[in-house]
Each structure stands twice: as C-alpha cells, then as structure tokens.
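This report goes through a structure step by step, for a reader who has not seen it before. The sequence and the model come next, followed by the description.

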Amino acid sequence: MTVENTLSIIKPDATRRNLTGSINAKFEQAGLKIVAQKRLQLTKKMAQDFYKVHKDRPFFNELVDFMISGPVIAQVLRGENAVKHNRDVMGATNPKEAEKGTIRNEFAESIEANSVHGSDSIENAKTEIEFFFAQIELIY
Ligand code: CMP
C-alpha cells in the first residue's frame, strides 16, 4: 500500500445543487483526506487545457461548455492508493453503470453532468494537481 495524492473536481451540476458537502462526506467517510481545496470558475481555455487528452472526442466541446457553466471545486485527496480508491468511491463514468452507494450512482445527472472528476493514473494525478495547485498549497 502506498499513500498517494489525486486530483478531484466537483463539477458544476453538483455545485449548482449545493452537493459539495454531501460529496465530500463520501470521500471523508471512505478515508480520503482533503489536503487542498479551491472553488473557482474555469475559463474556456482552462477547461480546454485540462481536458486536452479528449480534444478529438465527439463530446469535447460540450464537455468544455458544461465545465464552464458554473463553479467547480478543485481539490486534492490523499490516502492509501488514493488514485484508485477515489475512482472506486466515484463510481463508473456513466451513472447508469455506477455501483450503488457511489457518488455518481447517488448524485450524477448524466454521463456529462456526472458530478465529479478524478485522476485516472498516478502520472495524470501529478499533472492534474500541478494544473491547479502549487506544492505549498497541499497541507497534510
Ligand atoms: P471525467 O472523468 O471528468 O473525464 C472526461 C469526461 O467527459 C467524463 O468524466 C464525462 O463527464 C465526459 N463525457 C461526456 N460524454 C462522454 C462519453 N460519451 N464518454 C465518456 N466521457 C464522456
């Protein structure tokens, strides 16, 4: 077991419905610790940059428009195997496939408005954390 950091985003569908606390309760109950957090309005350029791996996917423009449709919470979660653990707590990308009790099963509206994002690898977690946070902002 290794202690890792991973990047989590609470998306505009969830901030709009005032679900920040309910979602973070799930992370904390699962043993993930929030070690950095900020609420921000993404610009179009930030959203395009953040999701650039998806730039050739048919849903890219809609995804970017959705991510700038309201405030998001960017946060760093820390814990044992945090990258995979966070993805397990979030559930499948498509809420119709997300297991009972997961965040997306309980809160997501659709595959696009799926309430949370989480890094999918240790390497991407590092890049995604650096996108939003300086090392000094992570308080263990
Ligand atoms: P996320 O984990 O933030 O990473 C990329 C996002 O694209 C994904 O969650 C979904 O919210 C969004 N998305 C929209 N449409 C699709 C789709 N058809 N397949 C996969 N992801 C999609």
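Ser115 is found in the loop that runs between helix H6 (103-107) and strand S4. In this predicted model, Ser115 has a positive phi of about 70°, although Ser115 is not a glycine. Is Ser115 buried or exposed? With a relative accessibility of 0%, Ser115 counts as buried, because the cut-off for buried is under 20%.

A positive phi is also found at Asn81, where the angle is about 45°, and Asn81 is not a glycine. Asn81 belongs to the loop between S3 and helix H5 (82-90). The relative accessible area of Asn81 is 28%, so Asn81 is partly exposed.

The strands can be taken in turn. Strand S1 covers residues 3-10 and is mostly covered, with seven of its eight residues buried. Strand S3, residues 72-80, runs antiparallel to S1, and eight bridges join the two. Within this pairing, Asn5 has Arg78 in S3 as its bridge partner, and Glu4 has Gly79 in S3. S3 is itself mostly covered: of its nine residues, seven are buried.

S1 also pairs with strand S4 (residues 116-118), in the antiparallel sense and over three bridges. Here Ile9 stands opposite His117 in S4. S3 has a further antiparallel neighbour in strand S2 (residues 33-40), to which seven bridges join it. One of the residues involved is Ile34, whose bridge partner in S3 is Leu77. In a regular strand, side chains alternate between the two faces of the sheet.

The ligand comes next. Which residues surround the ligand? They are Lys11, Tyr51, His54, Phe59, Leu63, Thr93, Arg104, Ile111, Glu112, Asn114 and His117. His117, the residue opposite Ile9 in the strand pairing, is thus also named among the surroundings of the ligand. The space that the ligand takes is the largest pocket. Polar contacts between side chains and an oxygen atom of the ligand are listed below.

| Residue | Distance from its polar side-chain atom to an oxygen atom of the ligand |
|---|---|
| Tyr51 | 2.5 Å |
| His117 | 2.9 Å |
| Asn114 | 3.2 Å |

How much of the ligand's area does the protein bury? Taken alone, the ligand exposes 450 Å², and the protein buries 79% of that.

Two other residues can be described one by one. Thr15 has its place in helix H1 (residues 12-16). Thr15 counts as buried because its relative accessibility is 8%, under the cut-off of 20%. The side chain of Thr15 reaches the backbone oxygen of Pro71 at 2.7 Å.

Ala134 lies in the segment that follows helix H7 (122-132). Ala134 has a relative accessible area of 36%, and is therefore partly exposed. How far apart are Ala134 and Pro95 in sequence and in space? Their separation in sequence is 39 residues, and from C-alpha to C-alpha they are 32 Å apart.

Technical notes. Residues are numbered from 1 along each chain as its sequence is written. This is a predicted model: local features need pLDDT of at least 70, side-chain atom pairs count only at pLDDT 80 or more; totals for chains, interfaces and linings use all residues. Side-chain values use heavy atoms; hydrogens and water are left out. Buried means under 20% relative accessible area, exposed over 50%, partly exposed in between (1.4 Å probe, protein chains only). Helices (H or I, at least four residues) and strands (E, at least two) are DSSP runs, numbered from the N terminus. Two strands pair if DSSP finds at least two bridges between them. A residue is near a molecule or strand if one of its heavy atoms lies within 4 Å of it. A polar contact is a pair of N or O atoms within 3.5 Å; within protein, one must be able to donate a hydrogen and the other to accept it, and residues adjacent in sequence count only if both atoms are side-chain atoms. Accessible areas come from the Shrake-Rupley method with a 1.4 Å probe; for residues, only the protein chains shown count as cover. On a 1 Å grid over the protein atoms alone, a cavity is a set of points where a 1.4 Å probe fits but cannot get out, and a pocket is an open set with protein on both sides within 12 Å along at least five of seven lines; lining residues have an atom within 4 Å of a point. A molecule sits in a cavity or pocket if more than half of its atoms lie within 2 Å of its grid points.
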